[in-house]
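Subject: Handing over the structure

Dear colleague,

Here is the structure that I promised to pass on to you. Please open it beside this message and keep both in view while you read.

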Amino acid sequence: MLSYHEQLTLRLAAGIGELDEATRARHTQFLLAKQQPDGGFAGREGASDLYYTSFGLRSLAILGELHGEVAEKAATFLQTRLSGNEGVVDFLSLIYGAKLLETAAGIDIFADASRDWRRSVADTLNTLRRQDGGYAKGPEGMASSTYHTFLVLLCLQLIEQPIPQPEAMVTFLLSQESEEGGFREIRASKRAGTNPTAAAIGALRILDSLTEEIIEGTLDFLVEMQNDEGGLRANTRIPIADVLSTFTGMLTLTDLDALHEIEQDDTLKYVRALEQESGGFFGAAWDEVADVEYTFYGLGSLALLHVPNDFTLE
């Protein structure tokens, strides 16, 4: 059975395939130019890191361009980070990048790893488990995070390890639901957000624990997040839309068979307005620089708006 990430990659690739060749080529060239000499990808400043490398590889994968020298160079970079002590976000980036290279280019960066590396990774992730059933952002973190709980779940899926006490994870996620709909990032948060809501719904789908009541509250919340720009906002206190929240909100709506609940034509105009003629996407109306992370969210948003009606996952 395909993991959540693998299903998402196939879905986005199908949508990207519906775009015109000029659009795909423009963004491909932008991304290829962003690959560093060491094979990784960097943010707006600094050296290559796992986080941005993951976005570079994800974008190239859905464009069908993750192969050959580009893939080989990326594999070399990822292999240099195998012995590092990474946080949850970077570790998921490493695992998912490796999975993409294996699927798209037949490169296995873990070929020489010990047989029990998956079990070792799962044990390390379990040190982040807290009494409420969720997972903290780091070893010193006391509060469980909706987003990081979702990331750990994705990582366990990718390395084909069992989810310890899934019912406790569900209990934690449900405790993060806001009375007004949507989900909070941490218990102390005063309001729900688009991105933690996407994480919670994604996790509950994997854990087969969605209810009609949760779906209804989530839809009410996400529809409210669309503003006059056409995109989605991060939460009720932020007036400006951004392409990250637009992508994660649309992904959640798609997962709930409810993308029609928002004005899709307005969303498409918003995303296209952030698209740059030289390739890449701005993060929001205030942005002035395109980077690989927001380019993935922009491409992902276009893909979700163009997935063929007859597309199904086998």
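What follows is a short account of what was found, starting with an annotation and ending at the surface.

Please bear in mind throughout that this is a predicted model.

The UniProt record, an unreviewed entry, carries the annotation "domain: Prenyltransferase alpha-alpha toroid", and according to that record the domain covers residues 22–67 and 108–305. In the model, residues 22–67 are 57% helix and 0% strand, and the C-alpha atoms at the two ends of this span are 20 Å apart. For residues 108–305 the corresponding distance between the end C-alpha atoms is 33 Å, with 49% of the span in helix and 2% in strand.

Next come the aromatic side chains, of which the structure holds 10 pairs. One of these pairs joins Phe55 and Tyr297 in an edge-to-face arrangement, with 5.4 Å from centre to centre and an angle of 70 degrees between the planes. Because Phe55 belongs to helix 3 (residues 50–62) while Tyr297 belongs to helix 13 (residues 292–304), this pair ties together parts of the chain that are 242 residues apart in sequence. Phe55 counts as buried, since its relative accessibility is 4% and the cut-off for buried is under 20%; Tyr297, with a relative accessible area of 8%, is buried as well. Both residues also belong to one aromatic cluster, which is formed by Tyr51, Tyr52, Phe55, Phe247, Tyr294, Phe296 and Tyr297.

Two loop residues deserve a look at their backbone angles. Asp208, in the loop between helix 9 (194–206) and helix 10 (212–225), has a phi near 55 degrees, which is a positive value in a residue other than glycine. Asp257, which lies in the loop between helix 11 (243–255) and helix 12 (264–274), likewise has a positive phi, of about 55 degrees, although it is not a glycine. Are these two residues buried or exposed? Asp208 counts as exposed because its relative accessibility is 72%, and Asp257, with a relative accessible area of 66%, is exposed too.

Finally, Ile238, Ile240 and Trp286 make a nonpolar patch of about 290 Å² on the surface. Of these residues, Ile240 can be found in the loop between helix 10 and helix 11, and its relative accessible area of 37% makes Ile240 partly exposed.

With best wishes

Conventions. Residues are numbered from 1 along each chain as its sequence is written. This is a predicted model: local features need pLDDT of at least 70, side-chain atom pairs count only at pLDDT 80 or more; totals for chains, interfaces and linings use all residues. Side-chain values use heavy atoms; hydrogens and water are left out. Helices (H or I, at least four residues) and strands (E, at least two) are DSSP runs, numbered from the N terminus. Buried means under 20% relative accessible area, exposed over 50%, partly exposed in between (1.4 Å probe, protein chains only). UniProt positions are given in the numbering used here, feature names are shortened, and annotations may be inferred rather than shown by experiment. Patches are made of residues with over 30% relative accessible area and no salt bridge: like charges are joined within 9 Å, nonpolar side chains (Val, Leu, Ile, Met, Phe, Trp, Tyr) within 5 Å. Accessible areas come from the Shrake-Rupley method with a 1.4 Å probe; for residues, only the protein chains shown count as cover. A salt bridge is a side-chain nitrogen of Lys or Arg within 4 Å of a carboxyl oxygen of Asp or Glu. Rings of Phe, Tyr and Trp (its six-membered ring) pair if their centres lie within 6.5 Å; planes under 30 degrees apart count as stacked, over 60 as edge-to-face and the rest as tilted.
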